[in-house]
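Colleague: I should be grateful for a close look at one residue of this model and its surroundings. Please set it in the context of the chain, and add whatever helps to place it.

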Amino acid sequence: YSLKNAEDRGQYFIQPFVGLGFMSSDASFSRFNGFDGSGTPQYANVDIETDVGHVIGLALGRRWENFEGELHFSYATVGYNAASISESGFVASVPAKGEVELFQIGARAGYGLPVGESGWIRAAGGFGYGKRRDFLALGAPLDLSYGNSDSAFTYDLLFSLGYEIEWGLDAFLAYRLLGSSGNGDFDKVAMHLFEVGLGANF
């Protein structure tokens, strides 16, 4: 990513990508259960197990020697599975289904270094705006469903490894930590995304 390398590979790039995503900890939300005799609101805490999800997106950027700036768009979703409900010291597990979806547009700044003649590594971080939708259906004996859709603040950190296949075309693997603020009664989440893609340089 020296100035010479950047000119050889192109100052601009476009990188479509796909990948898998998961959460390292349970998702959660607070279920409103009404008021007690003194008028104090009562909530039940719900911890939700999650499945492996997926992500698809596109990044557009520019290089200045070793530095990079980019805009990226992505859609990520992770499924909701069984739920554990705790209330007043009582804990119960119930079957559940649903998902969290996050549409994101964000900006990142990064720094890249060459590895050998054709490889490179880079790290980047940034912030963005998202549209988040959560849906959760709790099975018997509750048979209740909850959902919310709202705007969200997002952040992401990225580390990637790439290889120049031929002039103007790269292949890369990336790890991205994507975080989102809460959505109504659904708490904030952090997704671990493992992405693969091709990059065109011009």
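Modeller: Of the 202 residues in the protein chain, 43% are buried, where buried means under 20% relative accessible area, exposed over 50%, and partly exposed in between (1.4 Å probe, protein chains only). The model is predicted, so that local features need pLDDT of at least 70 and side-chain atom pairs count only at pLDDT 80 or more, whereas totals for chains, interfaces and linings use all residues. Residues are numbered from 1 along each chain as its sequence is written, and side-chain values use heavy atoms, with hydrogens and water left out.

The protein chain has one helix and eleven strands, and in sequence order the helix precedes the strands. These elements are DSSP runs numbered from the N terminus: helices are H or I with at least four residues, strands E with at least two. Contact means heavy atoms within 4.5 Å; among contacts between residues at least 6 apart in sequence, 65% join residues at least 24 apart.

The residue I would select is D134, in strand 8 (residues 119-138). D134 counts as buried because its relative accessibility is 1%. Two side-chain partners engage D134 through polar contacts: Y80 at 2.6 Å and N183 at 2.8 Å. A polar contact is a pair of N or O atoms within 3.5 Å; within protein, one must be able to donate a hydrogen and the other to accept it, and residues adjacent in sequence count only if both atoms are side-chain atoms. Leaving out residues up to four places away in sequence, D134 touches Y80, E99, V100, Y146, G147, N148, N183 and F186.

For comparison, consider S74 in strand 5 (residues 67-87). S74 is buried because its relative accessible area is 6%. Its side chain makes a polar contact of 3.5 Å with the side chain of R176. R176 also appears among the contacts of S74 beyond four places in sequence, together with F17, V55, I56, G57, L102, F103 and Q104.

On the surface, L60, L71, F73, I105 and Y129 form a nonpolar patch with about 440 Å² of accessible area together. Patches are made of residues with over 30% relative accessible area and no salt bridge, like charges being joined within 9 Å and nonpolar side chains (Val, Leu, Ile, Met, Phe, Trp, Tyr) within 5 Å. A salt bridge is a side-chain nitrogen of Lys or Arg within 4 Å of a carboxyl oxygen of Asp or Glu. Accessible areas come from the Shrake-Rupley method with a 1.4 Å probe; for residues, only the protein chains shown count as cover. Within the patch, L60 belongs to strand 4 (residues 53-64).
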